[in-house]
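Work through the exercises below with the sequence and the model open side by side. Each task is followed by a solution that proceeds step by step.

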There are 2 protein chains.
Amino acid sequence: MTTMRAVQQQVHAKEDYDAFLAVCPSRQLLDRISNKWVVLILCALGGASPQTGASEGPRTMRYSELSRLLAGVSQKMLTQTLRSLERDGLLTRTVTPTVPVTVSYRLTDLGLSLHHLTREIRNWAQAHMGEVLAHRDDYDAVAS
Amino acid sequence: MTTMRAVQQQVHAKEDYDAFLAVCPSRQLLDRISNKWVVLILCALGGASPQTGASEGPRTMRYSELSRLLAGVSQKMLTQTLRSLERDGLLTRTVTPTVPVTVSYRLTDLGLSLHHLTREIRNWAQAHMGEVLAHRDDYDAVAS
DNA sequence: GTGGCTTCTTCCCGACGGGAAGTAGCTCTC
DNA sequence: GAGAGCTACTTCCCGTCGGGAAGAAGCCAC
């Protein structure tokens with residue numbers, strides 16, 4: 001089974017994926033990870049500290065922890081996004097039958113590799129916020 | 001005016017932006033750039049070749065070129081996304097009064113700095129497509 | 001057995017995005 | 001000079017996606 005998957009993976013890797021093509025699977029994958037909740041979840045589970053954005057390695061987080069950290073996410077979207085990330089092999093979902101039940105999420109190696117990119121996206125947003133705000137002021141001033 | 005903006009920018013840079021907070025401006029910026037059309041437009045204008053994903057420096061592209069390259073984008077979304085990127089100072093929009101009119105778009109330095117990240121996102125999607133597909137097969141097989 | 005805790009799931013509805021058609025300005029044809 | 005044609009939008013309609021709130025499941029404390 002594992003060998004079959006490895007072979008399948010190699011075959012897939014040999015294909016010429018082009019994310020610009022609407023029909024290409026990599027385009028659909030790109031569409032899915034270019035999503036604000038995906039980026040924020042990966043940032044959170046990667047262990048990035050809120051202020052520095054530095055990564056201290058993957059963290060195991062409970063559903064309620066994520067819900068609290070990602071201000072504004074609805075329960076529906078959080079659950080839905082976590083499930084799709086689990087399906088894609090980016091994170092693992094572990095249910096511990098305590099009372100009440102505990103569900104914890106943790107990045108896989110694959111998820112961690114993507115986390116490095118989303119972390120940089122987040123750092124970019126925080127670092128260039130001032131520039132962007134200044135440009136918006138200019139644009140709006142000219143437009144008015 | 002320019003000095004005022006520079007000062008404003010410094011002030012903004014000193015604040016502790018935290019993209020996890022829903023009210024933080026950097027969170028809204030992150031929400032905007034975590035968008036499939038934004039990522040694809042930045043990839044296209046950065047000059048990434050469809051197959052290798054390597055960047056050859058910023059390209060100037062016409063509206064129709066972008067429309068053709070980004071398969072599946074609606075005219076409405078393309079225009080809307082380009083406008084918001086222009087407003088944020090990530091690209092410039094140039095109208096040349098030829099007949100018919102020519103409108104060209106080009107990344108600014110700020111846009112180029114973000115392009116480097118989106119290009120890696122795209123490369124990641126294309127590189128790990130096989131792994132993700134394999135994980136999906138596993139997940140769906142277990143679920144059934 | 002009622003309330004409470006966590007992790008979802010379901011329902012309703014408003015907002016966002018796709019598709020197609022309409023617009024503007026100019027040029028070329030007939 | 002009326003109509004077609006070209007690019008780059010803009011507008012309208014409508015389906016789908018996402019937010020908000022309430023319900024469900026499973027178990028324990030009181």
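**Polar contacts and the protein interface**

Across the interface of chain A and chain B, 18 residue pairs are in polar contact, both residues being at pLDDT 80 or more; a polar contact is a pair of N or O atoms within 3.5 Å, where within protein one must be able to donate a hydrogen and the other to accept it, and residues adjacent in sequence count only if both atoms are side-chain atoms. The model is predicted, with local features requiring pLDDT of at least 70 and side-chain atom pairs pLDDT 80 or more, while totals for chains, interfaces and linings use all residues. Residues are numbered from 1 along each chain as its sequence is written, chains are lettered from A and ligands numbered from 1 in the order in which they are written, and side-chain values use heavy atoms, with hydrogens and water left out.

**Exercise 1. Describe the side of chain A that touches chain B, by element and by class.**

Step 1. Begin with the elements, where helices (H or I, at least four residues) and strands (E, at least two) are DSSP runs numbered from the N terminus. In chain A, helices H1 (2–14), H2 (25–33), H3 (36–45), H5 (75–87), H6 (109–127) and H7 (129–143) each supply at least two residues to the side that touches chain B. H7(A) gives the most, with twelve residues.

Step 2. Sort that side of chain A by class: 32 residues are nonpolar, 13 polar and 18 charged. In this scheme Ala, Val, Leu, Ile, Met, Phe, Trp, Tyr, Cys and Pro count as nonpolar, Asp, Glu, Lys and Arg as charged, and the others, Gly among them, as polar.

Step 3. Set out the extent of the contact (heavy atoms within 4.5 Å), to which chain A contributes 63 residues and chain B 62 residues. The two chains bury about 6200 Å² between them, 66% of it on carbon and sulfur atoms, buried area being the accessible area (1.4 Å probe) that two parts lose on being put together, summed over both. In chain A, the residues that lose the most area to chain B are A:Phe20, A:Arg87 and A:Trp124, together 14% of what that side buries.

**Exercise 2. Which salt bridges does A:Asp31 form with B:Lys36 and with A:Arg27, and at what distances?**

Step 1. Apply the rule, under which a salt bridge is a side-chain nitrogen of Lys or Arg within 4 Å of a carboxyl oxygen of Asp or Glu. It finds 14 salt bridges over all chains, and eight across the interface of chain A and chain B.

Step 2. Across the interface, A:Asp31 pairs with B:Lys36, their closest N and O atoms being 3.9 Å apart.

Step 3. Within chain A, the side chain of A:Asp31 also meets that of A:Arg27 in a salt bridge, at 3.4 Å from N to O. Because A:Asp31 and A:Arg27 are four residues apart in helix H2 of chain A, about one helical turn separates them.

**Exercise 3. Which residues are closest to DNA strand C, and which atoms do they approach?**

Step 1. Take as near any residue with a heavy atom within 4 Å of the strand. DNA strand C is surrounded by 21 residues, the closest being A:Gln75, A:Arg93, A:Tyr105, B:Lys76 and B:Met77.

Step 2. Examine individual atoms. An N or O atom in the side chain of A:Gln75 is 2.5 Å from a base nitrogen of DNA strand C, whereas a polar side-chain atom of A:Arg93 lies 2.4 Å from a phosphate oxygen. B:Trp37 likewise places a polar side-chain atom 3.2 Å from a phosphate oxygen of DNA strand C.

Step 3. Of the atoms of DNA strand C within 4 Å of the protein, 65% belong to sugar or phosphate and the rest to bases.

**Exercise 4. Locate B:Arg93 and B:Tyr105 in the sheet of chain B and at DNA strand D.**

Step 1. The open sheet of chain B has three strands in the order E1-E3-E2, with antiparallel pairing; two strands pair if DSSP finds at least two bridges between them. Six bridges join E2 (residues 91–96) to E3 (residues 102–107) in chain B, and a hairpin of five residues connects them.

Step 2. B:Arg93 stands opposite B:Tyr105 in E3(B).

Step 3. Both belong to the residues that come nearest to DNA strand D. A polar side-chain atom of B:Arg93 lies 2.5 Å from a phosphate oxygen of DNA strand D, and a side-chain N or O atom of B:Tyr105 is 2.7 Å from a phosphate oxygen of that strand.
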